[in-house]
Amino acid sequence: MKAAAFASFGGPEVMSLMEFPDPQAGPGQVRVRVKSAGVQHFDCAVRSGWKPAYGLEVKLPQIPGNEFAGIVDQVGEGVTGFSVGSRVLGFSLLNSYAEYVVVGAEQIVSKPDTLSWEEAGGLTGNGQGAHIALKAIGIGPGDTVLINGAAGSLGSFAVQLAKEWGAKTVIGTASEGNHDFIRSLGAIPVTYEAGLADRLRQLAPDGIHAAFDTAGGEGLRAAVELVKDRNRICTYFAYDLVEELGLRVVRGERSAARLAELVELHTQGRLQIHIRQVFPLSQAGEAQRALETRHGRGKIVLRID
């Protein structure tokens with residue numbers, strides 16, 4: 001099979017198209033013929049040589065990619081609920097930038113017709129990430145919530161889930177060119193620049209109850225200044241500041257149940273997935289480069305024909 005992979009650690013330029021043996025589904029597993037794969041900052045970090053605390057095993061040459069959508073073409077012994085031809089989306093820590101990926105049957109859910117292949121490939125990672133973060137900081141009815149970096153894929157999911165779960169007011173930081181997009185999601189946009197804390201006080205005179213940070217910088221420091229309970233602040237970006245700012249690290253497990261909940265919200269028209277750009281598999285390095293600029297809104301996805 002063809003896959004986008006890296007044989008050494010480094011920048012996006014180390015990514016290239018390579019040939020690998022076709023993987024085979026074992027007991028409890030399915031093989032998926034991948035149609036699309038989302039591009040995540042996690043993928044870029046692994047490519048750069050980062051090793052997460054939970055001991056992810058990277059073997060060079062390594063295929064990155066932790067979210068995908070496609071068609072089941074091989075079913076291992078003991079698998080129920082899926083068969084050859086099933087259209088699915090799912091998650092894995094690695095190996096999704098490829099024509100085929102093998103995962104456990106508990107890592108996929110059925111893809112409805114309401115989801116395009118690109119949308120399905122880009123839902124799993126950031127959708128579940130936002131779900132985990134907002135559950136951890138207890139977003140609920142009546143809350144005023146700050147989403148720092150609200151125009152990105154992770155931030156835009158978080159805005160929508162906060163509204164879905166009853167937040168009274170959602171404020172999203174974003175560059176001015178993305179303010180209309182933020183409004184379309186149901187949030188109040190505000191720029192990142194210095195003096196952000198004062199502008200937030202004007203927008204939320206009764207205070208901010210919780211904050212989710214995806215961009216660091218002024219937005220995170222404003223959150224620390226304005227949110228009384230630091231257990232209700234979560235960052236997925238500035239991990240180097242967690243100890244200094246007295247924050248906790250939020251972790252959670254992705255699951256088929258969590259993913260199915262997000263898919264159902266989309267089916268009901270209550271969760272949008274904005275696709276920023278689609279790249280062919282052969283341009284995975286360029287897709288990662290575009291993501292690492294941290295500009296633009298929505299999700300970057302690889303199309304795998």
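Student: Is Ser-156 buried or exposed?
Tutor: Keep in mind that this is a predicted model. Ser-156 is found in helix α4, and leaving out residues up to four places away in sequence, Ser-156 touches Ala-150, Ala-151, Phe-181 and Leu-185. Buried means under 20% relative accessible area. Ser-156 comes in at 6% relative accessibility, so Ser-156 counts as buried.

Student: Which helix gives the most to the lining of the largest cavity?
Tutor: A search of the whole structure turns up one cavity of 30 Å³ or more, and its volume is about 40 Å³. Its lining includes Ser-153, Ser-156, Phe-157 and Gln-160, along with residues such as Gln-272 and Lys-299. With four residues, the top contributor is helix α4, residues 153-164.

Student: How does the lining of the largest cavity split by class?
Tutor: Among the lining residues are Phe-157, Ile-273, His-274, Gly-298 and Lys-299. Phe and Ile count as nonpolar, Lys as charged, and Gly is among the polar ones. Put into classes, the lining has two nonpolar, six polar and one charged residues.

Student: What about the second largest pocket, which residues are closest to its centre?
Tutor: That pocket holds about 170 Å³ of space. By class, its lining has eleven nonpolar, three polar and no charged residues. The second largest pocket has a volume of about 170 Å³, and of the 14 residues that line it, the closest to its centre are Met-1, Pro-23, Ile-63, Asn-95 and Tyr-100.

Student: What is unusual about the phi of Asn-95, and is Asn-95 buried, partly exposed or exposed?
Tutor: Asn-95 sits in the loop between β5 (87-91) and β6 (100-104). Its phi is positive, about 80°, although Asn-95 is not a glycine. Partly exposed covers the range between under 20% and over 50%. The relative accessible area of Asn-95 is 34%, so Asn-95 is partly exposed.

Student: How are α1 and α10 placed relative to each other?
Tutor: Two packed helices are described by the angle between their axes and the distance between the axes. For α1 (residues 41-48) and α10 (residues 284-292), the axes are 10 Å apart and the angle is about 110°. Angles of 65 to 115 degrees count as roughly perpendicular. So α1 and α10 are roughly perpendicular to each other.

Student: Which residues of α10 meet α1?
Tutor: On the α1 side, the contact uses His-41, Asp-43, Cys-44 and Arg-47. Taken over both helices, the contact residues are two nonpolar, two polar and three charged. The α10 residues that meet α1 are Gln-288, Leu-291 and Glu-292.

Student: What do the buried residues of α1 pack against?
Tutor: In α1, the buried residues are Phe-42, Asp-43, Cys-44, Val-46 and Arg-47. Just past this helix comes Gly-49, with a positive phi near 110°. The buried residues of α1 pack against β1 (2-6), β2 (15-19), β3 (29-38) and α10.

Student: And what covers the buried residues of α10?
Tutor: The buried ones in α10 are Ala-284, Gly-285, Ala-287, Gln-288, Ala-290 and Leu-291. Right after α10, Arg-294 takes a positive phi of about 55°. The cover over the buried residues of α10 includes β1, β2, α1, β13 (275-280) and β14.

Student: Is His-295 buried or exposed?
Tutor: His-295 is in the loop between α10 and β14 (299-303). Its C-alpha atom and that of Gly-152, 143 residues apart along the chain, are separated by 7.9 Å. Exposed means over 50%, and His-295 has 58% relative accessibility, so His-295 counts as exposed.

Student: How are α3 and α9 placed relative to each other, and which residues of α9 make the contact?
Tutor: Helix α3 (residues 124-136) and α9 pack at about 100°, with axes 10 Å apart. That makes α3 and α9 roughly perpendicular, because 65 to 115 degrees counts as such. From α3, the contact takes in Thr-124, Gly-127, Gln-128, His-131 and Ile-132, and from α9, Arg-258, Leu-259, Glu-261 and Leu-262.

Student: Which peptide bond is cis, the one between which two residues?
Tutor: Look in the loop between α1 and β4 (67-75), where Pro-61 lies. The omega of the bond is about -5°. The two residues joined by this cis bond are Leu-60 and Pro-61.

Technical notes:
Residues are numbered from 1 along each chain as its sequence is written. This is a predicted model: local features need pLDDT of at least 70, side-chain atom pairs count only at pLDDT 80 or more; totals for chains, interfaces and linings use all residues. Side-chain values use heavy atoms; hydrogens and water are left out. On a 1 Å grid over the protein atoms alone, a cavity is a set of points where a 1.4 Å probe fits but cannot get out, and a pocket is an open set with protein on both sides within 12 Å along at least five of seven lines; lining residues have an atom within 4 Å of a point. Grid points are joined across faces, edges and corners, and a volume is the space filled by probe spheres set on the points. Axes are lines fitted to C-alpha atoms, for helices over the stretch in contact, and angles run from 0 to 180 degrees between N-to-C directions. Helices (H or I, at least four residues) and strands (E, at least two) are DSSP runs, numbered from the N terminus. Angles under 35 degrees count as roughly parallel, over 145 as roughly antiparallel, 65 to 115 as roughly perpendicular and the rest as oblique. Contact means heavy atoms within 4.5 Å. Buried means under 20% relative accessible area, exposed over 50%, partly exposed in between (1.4 Å probe, protein chains only).
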